[in-house]
Amino acid sequence: YSHANEIKEQYDKDIANAESVDENDYDEMSTWAAKHIADAINGHKGEKPFVLGLPTGSSPLGVWKRECV
């Protein structure tokens with residue numbers, strides 16, 4: 001249960017520090033998001049595992065296509 005609280009606290013911090021990204025279209029946004037995800041995963045050096053929540057549906061398909069290439 002305490003791990004769930006840690007995750008919630010980190011989520012709240014991340015949301016408070018979230019940045020706004022302004023891209024011209026879906027393809028540019030998908031490319032930005034894919035690079036941001038890859039950089040976060042590859043740059044993780046923490047003691048705890050990297051946790052990535054994956055959205056479903058058709059909205060993130062452009063990101064997943066770029067991540068899988």
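**Close-up views of a predicted model**

**View 1. F50 and the residues it meets.** Leaving aside neighbours within four places in sequence, F50 is in contact with A40, I41 and H44. This is a predicted model, so keep that in mind as you look around. You will find F50 in the loop between α2 and α3. Is F50 buried or exposed? Neither label quite fits: F50 is partly exposed, at a relative accessible area of 34%. One of its contacts, A40, sits 10 residues away in sequence, and the C-alpha atoms of F50 and A40 are 8.8 Å apart in space.

**View 2. Helix α2 from end to end.** Here we follow α2 through residues 26-43, a run of 18 residues. From its first C-alpha to its last, α2 reaches 25 Å. That is close to the 26 Å expected for the helix at 1.5 Å a residue. Now look at the start of α2, where D25 offers a side-chain oxygen. That oxygen comes to within 3.2 Å of the backbone nitrogen of D27. Further along, G43 also belongs to α2, and G43 counts as partly exposed at 46% relative accessibility. How far is G43 from E6 in space? Their C-alpha atoms are separated by 21 Å, and the two residues lie 37 residues apart along the chain.

**View 3. The two faces of helix α2.** Which residues of α2 are buried? They are S30, A33, A34 and I37. Seen down the axis of α2, these buried residues fall within an arc of 100°, so they line one face of the helix. Turn your attention to the face pointing away from that buried side, and you meet the exposed residues K35 and N42. As for what the buried residues pack against, the partner is α3, made of residues 61-67.

**View 4. S30 and V63, where α2 meets α3.** Let us zoom in on one residue from each helix: S30 is in α2, and V63 is in α3. Buried means under 20% relative accessible area. S30 counts as buried because its relative accessibility is 2%, and V63 counts as buried at 9%. Not counting residues up to four places away in sequence, S30 touches G62, V63 and R66. What does V63 touch in turn, with the residues up to four places away again left out? The list is S30, A33, A34 and I37, and each of these four is a buried residue of α2. For a sense of distance, V63 and D39 are 24 residues apart in sequence, and their C-alpha atoms are 13 Å apart in space.

**View 5. K65, an exposed residue of α3.** K65 has its place in helix α3. Exposed means over 50% relative accessible area. K65 has a relative accessible area of 58%, so K65 is exposed. Between K65 and D27 there is a separation of 38 residues in sequence, while C-alpha to C-alpha the two are 11 Å apart in space. You have met D27 already, as the residue whose backbone nitrogen lies within 3.2 Å of a side-chain oxygen of D25.

**View 6. The largest pocket and its lining.** This last view turns to the largest pocket, which has a volume of about 1,200 Å³. How many residues line the largest pocket? There are 32. Those that lie nearest its centre are Y11, D14, V51, L52 and G53. The helices take part in the lining too: α1 (residues 2-16), α2 and α3 each supply at least two of its residues.

Conventions. Residues numbered from 1 in each chain as written. Predicted model: local features only at pLDDT ≥ 70, side-chain atom pairs only at ≥ 80, totals over all residues. Heavy atoms only, no water. Expected span 1.5 Å × (residues − 1). Buried < 20%, exposed > 50% of the residue type's maximum accessible area, 1.4 Å probe, protein only. Arc of directions from axis to C-beta. Contact = heavy atoms within 4.5 Å. Polar contact = N/O pair within 3.5 Å; in protein donor to acceptor, adjacent residues only side chain to side chain. 1 Å grid on protein atoms, 1.4 Å probe; cavity = no way out; pocket = protein on both sides within 12 Å on 5 of 7 lines; lining within 4 Å. Points joined across faces, edges and corners; volume = space filled by probe spheres on them.
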